[in-house]
Amino acid sequence: MIISVHVTHKSADMKALELIGRHDEKALLHHLRRIQGVKECAVLRTCNRVELYAVTDEPSTTRNGMEAMISRFIPFDHDQNLVQFRSDLESIRHLLRVSSGLESMIVGEDQIQFQVKRAYELAESEGCIGPILSLIFRKAISVGKKVRTETKVNKGAVSIGSAAVDLAERLLGSLEGKTILVIGAGEMATLIAKHLIGKKPNAIFVSNRTYDRAVELAWYLGGQAIRLDSLYDYLHKCDIVLVATSSPHVILDRARVEKAIAKKGEGEKLIIIDVSFPRNVADDVRSLKNVEMHDIDGLRDIAQENIMKRKREVLEAERIIAEELLLLEKKLEEMGASEVIKALRQKFEAIKEVEIRKAINRLNHSPEDIETIVTDFANALANRFLADPTEMLKLASREKRVEILKAARELFRLEENKNVS
């Protein structure tokens with residue numbers, strides 16, 4: 001059985017998400033694998049979701065263990081459905097939707113597909129993936145590609161980064177002539193940078209823990225790189241600060257921002273948009289005068305508009321997911337027989353090899369005609385293939401185990417073939 005746990009932007013705000021999301025994937029993965037009954041597991045963590053997937057043969061025990069694990073990070077809230085549990089096909093359907101971008105805050109975003117792949121690779125490298133989750137995650141990744149290829153759900157390269165830039169433009173009217181500070185130079189900051197191109201700002205500063213990466217991104221933007229410990233000297237010069245790092249710590253605290261505001265002109269505002277997860281700007285900064293602060297929760301209006309634009313494409317994506325889910329379900333059902341089929345093939349391949357060598361030897365060294373040798377070869381194969389089933393069926397008959405006889409008829413389709421001559 002598959003059990004999954006979901007804490008996402010759909011049911012939780014950033015404050016609640018950070019309770020579990022500030023812990024890294026590897027730590028969560030090892031926590032999950034220690035739960036009784038868990039045979040395989042994976043953890044998907046992005047800027048607005050934390051999801052745990054487990055395969056278990058002790059569903060009740062594992063479910064209790066996962067509930068206990070989650071409750072160590074966040075209180076289970078029955079009223080608000082903060083934490084959601086799914087199982088089996090519902091878990092799989094959800095993962096296919098996630099990988100296709102349908103469960104994203106910014107529907108159609110491409111980044112989630114890579115994040116699902118990263119979750120799979122981490123679980124695999126940590127020895128947590130087995131045949132079931134391997135099949136499901138690989139299917140989710142391929143379905144995500146198919147949806148993006150066959151629909152226009154990702155048209156326009158939408159992302160949290162592009163939504164952050166959209167929000168900045170709405171708040172300021174335009175970015176033309178404005179001074180912008182980007183904190184971070186990773187994946188999300190790069191997405192922000194791509195959407196700043198052509199906005200004609202007065203100046204762009206880029207600051208990052210690794211200075212070389214700040215230099216690289218600043219060069220791409222035609223801006224100036226600054227060292228992380230110097231960014232506070234530039235804060236007061238900026239109209240807007242876009243924060244997107246992977247740091248688990250606060251980078252902008254109230255005291256630093258307060259000092260920057262004091263250096264700005266009378267009534268001049270500082271807008272801060274923090275799309276980091278966990279957030280890198282202290283929550284009490286938002287109460288400062290002349291500071292307007294937004295986090296990922298502030299992108300919800302833009303996200304809703306994006307959903308309306310892509311409604312038709314979402315329907316088409318859902319059709320693809322439904323078709324692929326049926327195929328995947330069939331494969332999962334067949335997995336129970338795969339070990340038996342593999343063993344049968346190995347056994348019969350060994351028999352076949354022996355009989356082929358015997359036949360070739362007779363062909364090369366015996367005066368017998370070909371027809372005799374081929375007939376003997378076919379008879380030997382048939383006799384050896386049927387030897388064990390014949391013995392077991394006789395035994396079952398003596399022991400009056402009619403279910404074995406019935407299964408044999410079904411297995412070899414004897415009723416269908418009784419008229420075959």
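Is Ala408 buried or exposed? Ala408 is buried, because its relative accessible area is 12% and buried means under 20%. This value, like the others in these legends, comes from a predicted model.

**Figure 1. The whole chain, shown as an overview for the close-ups.**
The predicted chain contains 14 helices and 10 strands. Its C-alpha atoms fill a box of roughly 105 × 50 × 40 Å along the principal axes. The radius of gyration is 31 Å, whereas a compact globule of 421 residues would have one near 22 Å. Of the 421 residues, 44% count as buried. The accessible surface comes to about 22600 Å², and carbon and sulfur atoms make up 51% of this surface. Among contacts with a separation of 6 or more, 70% are between residues 24 or more positions apart. The chain carries 65 positive and 64 negative side chains. The centres of these two sets lie 1 Å apart.

**Figure 2. Close-up of helix 7, residues 160-172.**
How far apart are the end C-alpha atoms of helix 7? They are 18 Å apart, which agrees with the 18 Å that 13 residues should span at 1.5 Å a residue. The expected span is also 18 Å because the rule multiplies 1.5 Å by one less than the number of residues. The buried residues of helix 7 are Ile160, Gly161, Ser162, Ala163, Ala164, Val165, Leu167 and Ala168. The cover over these buried residues includes two helices, helix 8 (187-196) and helix 11 (300-309). It also includes strand 8 (240-243), strand 9 (270-274) and strand 10 (291-294). In general, an α-helix has 3.6 residues a turn, so residues three or four places apart point the same way.

**Figure 3. Close-up of His94 in helix 4.**
Helix 4 runs over residues 88-99 and holds His94. Which class does His94 fall into, buried or exposed? His94 counts as buried, because its relative accessibility is 5% and the cut-off for buried is under 20%. Leaving out residues up to four places away in sequence, His94 touches His6, Arg49, Glu51, Tyr53, Arg86 and Glu103.

**Figure 4. Close-up of Ala408 in helix 14.**
Ala408, the residue of the opening question, lies in helix 14, which covers residues 402-411. Which residues is Ala408 in contact with, leaving aside its neighbours within four places in sequence? The contacts of Ala408 are Leu393 and Leu414. Pro389 is 19 residues from Ala408 along the chain, and the C-alpha atoms of these two residues are separated by 8.6 Å.

Note on methods. Residues are numbered from 1 along each chain as its sequence is written. This is a predicted model: local features need pLDDT of at least 70, side-chain atom pairs count only at pLDDT 80 or more; totals for chains, interfaces and linings use all residues. Side-chain values use heavy atoms; hydrogens and water are left out. Helices (H or I, at least four residues) and strands (E, at least two) are DSSP runs, numbered from the N terminus. The radius of gyration is taken over C-alpha atoms; the globule rule is 2.2 Å times the number of residues to the power 0.38. Buried means under 20% relative accessible area, exposed over 50%, partly exposed in between (1.4 Å probe, protein chains only). Contact means heavy atoms within 4.5 Å. Accessible areas come from the Shrake-Rupley method with a 1.4 Å probe; for residues, only the protein chains shown count as cover. Lys and Arg count as positive and Asp and Glu as negative; His and the chain ends are not counted. The place of a charge is taken as NZ of Lys, CZ of Arg, CG of Asp or CD of Glu.
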